[in-house]
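Hi,

Here is the structure I promised to pass on. Could you have a look at it and then read my notes below?

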Amino acid sequence: MLKKYVAILLAFVSIDLSLSFDKYTTEILNGNPHNMAIISSPFIKIYEGYYYFGQDSVNWYIAYENCRKLGSELVAFESNQEFDAVIGYIRSNLERTKFWTSGNDLGKTGTHKWFTNAQLISISRWAPRQPDNYKGVEHCIQFGYICGNSNDYQLDDNPCSASKNYVCEAPKQETISIVVWK
Ligand SMILES: [Ca+2]
Ligand SMILES: [Ca+2]
């Protein structure tokens with residue numbers, strides 16, 4: 001008798017479950033695919049990212065701290081497109097200067113990585129004969145006009161204690177959409 005009762009109860013439960021539906025659904029999308037208006041200040045949207053251009057001249061460690069205060073990190077250029085887009089903005093809007101990136105070989109001399117994601121620096125945008133670890137003390141990566149007469153913004157290793165401007169890159173965005181049945 002008890003078995004029969006339990007079986008009937010389970011049957012009701014399963015019927016109930018089969019008829020139920022979620023009151024809401026959520027979806028997480030990369031970026032901001034619907035171009036919703038967002039407040040990004042002090043970051044500026046360039047290409048697919050958001051960047052802040054630190055105009056104070058500080059060593060690599062202070063530059064990193066300053067980016068962290070904004071919830072961001074020193075820039076990592078994972079592609080030529082990203083590098084060219086940021087350079088394009090600088091050419092149009094900022095003074096000719098040099099900037100720190102997150103790149104360094106502090107972990108293993110001669111192995112240059114973006115500190116923000118541990119990826120090897122794969123873009124071929126080094127200035128001629130760089131990185132050269134001049135005098136054995138150059139372990140942080142800057143970019144700017146490295147060669148005297150060059151108008152190309154290029155990468156170069158420099159002493160981490162040197163003072164430069166810097167570029168912070170905001171973390172990637174995700175958009176969460178929630179659909180509710182009311
Ligand atoms: Ca990046
Ligand atoms: Ca160098």
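One term before anything else: two strands count as a pair if DSSP finds at least two bridges between them. With that in hand, start at Lys 45, which sits opposite Tyr 50 in β3. Strand β2 (residues 44-46) is antiparallel to β3, and three bridges hold the pairing. The two form a hairpin with two residues between them, and Tyr 47 in the turn has a positive phi of about 55 degrees.

Please keep in mind that you're looking at a predicted model. Mean pLDDT for the protein is 90, with 90% of the residues at 70 or more. The stretch to be wary of is residues 9-13, where pLDDT stays under 50 and the model has zero contacts beyond four places in sequence. Where pLDDT is low, the predicted coordinates shouldn't be read in detail.

**Overall picture**

There are three helices and ten strands in the protein. Reading from the N terminus, the order is α-β-β-β-α-β-α-β-β-β-β-β-β. What about the overall dimensions? The C-alpha atoms fill a box of roughly 90 × 35 × 30 Å along the principal axes. The radius of gyration is 25 Å, whereas a compact globule of 182 residues would come out near 16 Å. Of those 182 residues, 26% count as buried. If you take the contacts with a separation of 6 or more, 70% of them are between residues 24 or more positions apart.

UniProt, in an unreviewed entry, puts the feature "domain: C-type lectin" at residues 51-169. That span is 20% helix and 30% strand, and its end C-alpha atoms lie 5 Å apart.

**The strands**

β3 has a second partner besides β2: five bridges join β3 to β9, and the two run antiparallel. One of the matched positions there is Gly 54, whose bridge partner in β9 is Tyr 166.

Further along, β7 and β8 are also antiparallel, joined by six bridges. Ile 141 stands opposite Asp 157 in β8. Is β8 enclosed or open? Five of its six residues are buried, so β8 is largely enclosed by the rest of the structure.

**The core**

Which residues have the most contacts inside the largest nonpolar core? They are Leu 74, Val 167 and Cys 168, in a core of 29 residues. Elements giving two or more residues to this core are β3 (49-58), α2 (60-69), α3 (80-93), β5 (99-104), β7 (140-145), β8 (153-158) and β9 (164-169). The top contributor is α2, with four residues.

Val 167 is a handy place to click on in the viewer. Leaving out residues up to four places away in sequence, Val 167 touches Tyr 51, Phe 53, Leu 74, Val 75, Val 86, Phe 99 and Thr 101.

Helix α2 also holds Tyr 61. Is Tyr 61 buried or exposed? A residue is called exposed if 12 or fewer other C-beta atoms lie within 10 Å of its own; Tyr 61 has 12, so it is exposed. Tyr 61 and Gly 88 are 27 residues apart in sequence, and their C-alpha atoms are 26 Å apart in space.

**Backbone oddities**

Two cis peptide bonds are worth a look. One runs from Ser 41 to Pro 42, with omega near 10 degrees, and Pro 42 lies in the loop between β1 (24-30) and β2. Another runs from Gln 130 to Pro 131, with omega near -5 degrees. Pro 131 belongs to the loop between β6 (113-114) and β7.

Each of these loops also has a residue with positive phi. Between β1 and β2 you'll find Asn 35, which isn't a glycine but has a positive phi of about 50 degrees. Asn 35 has 7 other C-beta atoms within 10 Å, so it counts as exposed. Between β6 and β7 there is Ala 118, again not a glycine, with phi near 65 degrees. Ala 118 has 9 other C-beta atoms within 10 Å, and is therefore exposed too.

Cheers

Definitions and conventions:
Residues numbered from 1 in each chain as written. Chains lettered and ligands numbered in written order. Predicted model: local features only at pLDDT ≥ 70, side-chain atom pairs only at ≥ 80, totals over all residues. pLDDT = per-residue confidence, 0-100. Contact = placed C-beta atoms within 7 Å. UniProt positions renumbered as here; feature names shortened; annotations may be inferred. Core = buried A, V, L, I, M, F, W, Y, C linked by C-beta atoms within 7 Å. Buried ≥ 20, exposed ≤ 12 C-beta atoms within 10 Å, placed from the backbone. Rg over C-alpha atoms; globule rule 2.2 N^0.38 Å.
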